[in-house]
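Here's a quick walk through one protein chain, starting with a single residue and working out to the whole fold. Keep the viewer open as you read.

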Amino acid sequence: MQAWRVHRNGEPGEVMRLEETDRPTPGDGQVLVQVLAANINFPDALLCRGQYQVRPPLPFTPGVEICGRTTDGRRVLATPTLPNGGFAEYVVADESALLPAPETLDDAEAAALHIGYQTGWFGLHRRARLRAGETLLVHAAAGGVGSAAVQLGKAAGATVIGVVGGSDKAETAAALGCDLVIDRHSEDIVAAVKEATGGRGADVVYDPVGGDAYAKSVKCIAFEGRVIVVGFASGVVPAPALNHALVKNYSIVGLHWGLYNTKDPAAVRACHDELTRLAAQGAVKPLISERVGLGGASVAVQRVADGTTTGRIVVLPQGAAR
């Protein structure tokens, strides 16, 4: 079969190589899955760079989430077992962690419903306890992670303010349903949030960016607000001033979704059931900006790494890209 492999760490466009290799062999409790669609995530770039919290042995295949078909014909969502990730024609995955692919979504959309939407749901509902009528501030609102949080926030009845970088991304965020879009390239985030909320600030901040985004967020956080720390796409890990959290009475909430797979897998399945229900209602629908063939995976991962994309780019090893 064909698979993208990384033999040394570096930028995805430089270190990913498309090779012929053997199909992976399932171990105990695992199944072989034909990849129908593999969603590109920022962690795929971090894996290539050797900067992710998990460092698989070299060589490895990136690709952390897929929609695929098992040998007995089931259409499923899976997180492939590294070092044999999803940018390949076949993967192995733990049988116990397989989730049924929502019937209302095509393969690319289904592949993108998993990690990003699970992260958004756990962040907004389990960690931040977002309530209807509250104001949610989402950074990188036109990106893969941010777009999921926007849709989930609207589904929960929140007023959603999206922060983006550039006019094209602003149009995307508005189309997703943001009540207000702030272009960080040309607007003052803090002033705009305070004006929109009558000086109160945002009740919940969803931050997959870190760096300056975090610094701006805590300047416009509401009383008893919650900042959800999802990731550091900016490359800068902020150092929170705890005295500031004390005097303004807000919470800094960490979220590592992957832990739920081992600590509370039942909660992951319950979340998937809820996401499937929301997808069937049309309340959420992954924003797929591009579908590329297997041969285009390295260029696409590099673009995600560079932050130039909107929504999700999905690799289709078995289907027609468009």
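## Thr135 and its neighbours

Leave out anything up to four places away in sequence, and Thr135 touches Thr159, Ile161, Thr197, Ala202, Asp203 and Val204. Thr135 sits in strand E8, which covers residues 135–139. Bear in mind that this is a predicted model.

Is Thr135 buried or exposed? Its relative accessibility is 11%, so Thr135 counts as buried, the cut-off being under 20%.

## Thr309, in a loop

Thr309 is found in a loop, the one that links helix H12 (297–306) to strand E15 (312–316). With a relative accessibility of 12%, Thr309 is also on the buried side because the limit is under 20%. Setting aside residues within four places in sequence, its contacts are Lys169, Arg303 and Val304.

## The start of the chain

Met1 comes in the segment before strand E1, which runs over 2–6. Which side of the burial cut-off does Met1 fall on? Its relative accessible area is 19%, so Met1 is buried, given that the limit is under 20%.

Not counting residues up to four places away in sequence, Met1 touches one run of residues made up of Glu19, Glu20, Thr21, Asp22, Arg23 and Pro24, plus Ala88, Glu89 and Tyr90. Pro208 is 207 residues along the chain from Met1, and their C-alpha atoms are separated by 35 Å.

Arg5 lies in strand E1. Its relative accessible area is 22%, so Arg5 counts as partly exposed. Beyond its neighbours within four places in sequence, Arg5 is in contact with Val15, Met16, Arg17, Glu19, Thr21, Pro59, Phe60 and Thr61. Gly85 is 80 residues away from Arg5 along the chain, yet their C-alpha atoms are separated by 9.1 Å.

## Helix H4 and the aromatics

Helix H4 spans residues 115–127, and its buried residues are Ile115, Gly116, Tyr117, Gln118, Thr119, Gly120, Phe122, Gly123 and Leu124. Phe122 has a relative accessibility of 0%, so it counts as buried. After H4 comes Arg129, whose phi is positive, near 55°.

How many aromatic pairs are there? The count comes to 2. One of them joins Trp121 and Phe122 edge-to-face, at 5.6 Å centre to centre and with 80° between the planes. Trp121 and Phe122 also belong to one aromatic cluster with Tyr260.

## The whole chain

Now zoom out. The chain's secondary structure adds up to 12 helices and 15 strands, and its C-alpha trace spans about 60 × 40 × 35 Å along the principal axes. Why does the radius of gyration fit a compact globule? For 322 residues, such a globule would come out near 20 Å, and the chain has 19 Å, which agrees.

Buried residues make up 53% of the 322. Looking at contacts with a separation of 6 or more, 66% are between residues 24 or more positions apart. The accessible surface is about 13,500 Å², and carbon and sulfur atoms account for 50% of that. As for charges, there are 30 positive and 33 negative ones, and their mean positions are 4 Å apart.

Technical notes:
Residues numbered from 1 in each chain as written. Predicted model: local features only at pLDDT ≥ 70, side-chain atom pairs only at ≥ 80, totals over all residues. Heavy atoms only, no water. Helix = DSSP H or I, 4+ residues; strand = E, 2+ residues; numbered from the N terminus. Rg over C-alpha atoms; globule rule 2.2 N^0.38 Å. Buried < 20%, exposed > 50% of the residue type's maximum accessible area, 1.4 Å probe, protein only. Contact = heavy atoms within 4.5 Å. Areas by Shrake-Rupley, 256 points an atom, 1.4 Å probe, with all protein chains shown as cover. Lys, Arg positive; Asp, Glu negative; His and termini not counted. Charge placed at Lys NZ, Arg CZ, Asp CG, Glu CD. Phe/Tyr/Trp six-rings, centres within 6.5 Å; stacked < 30°, edge-to-face > 60°.
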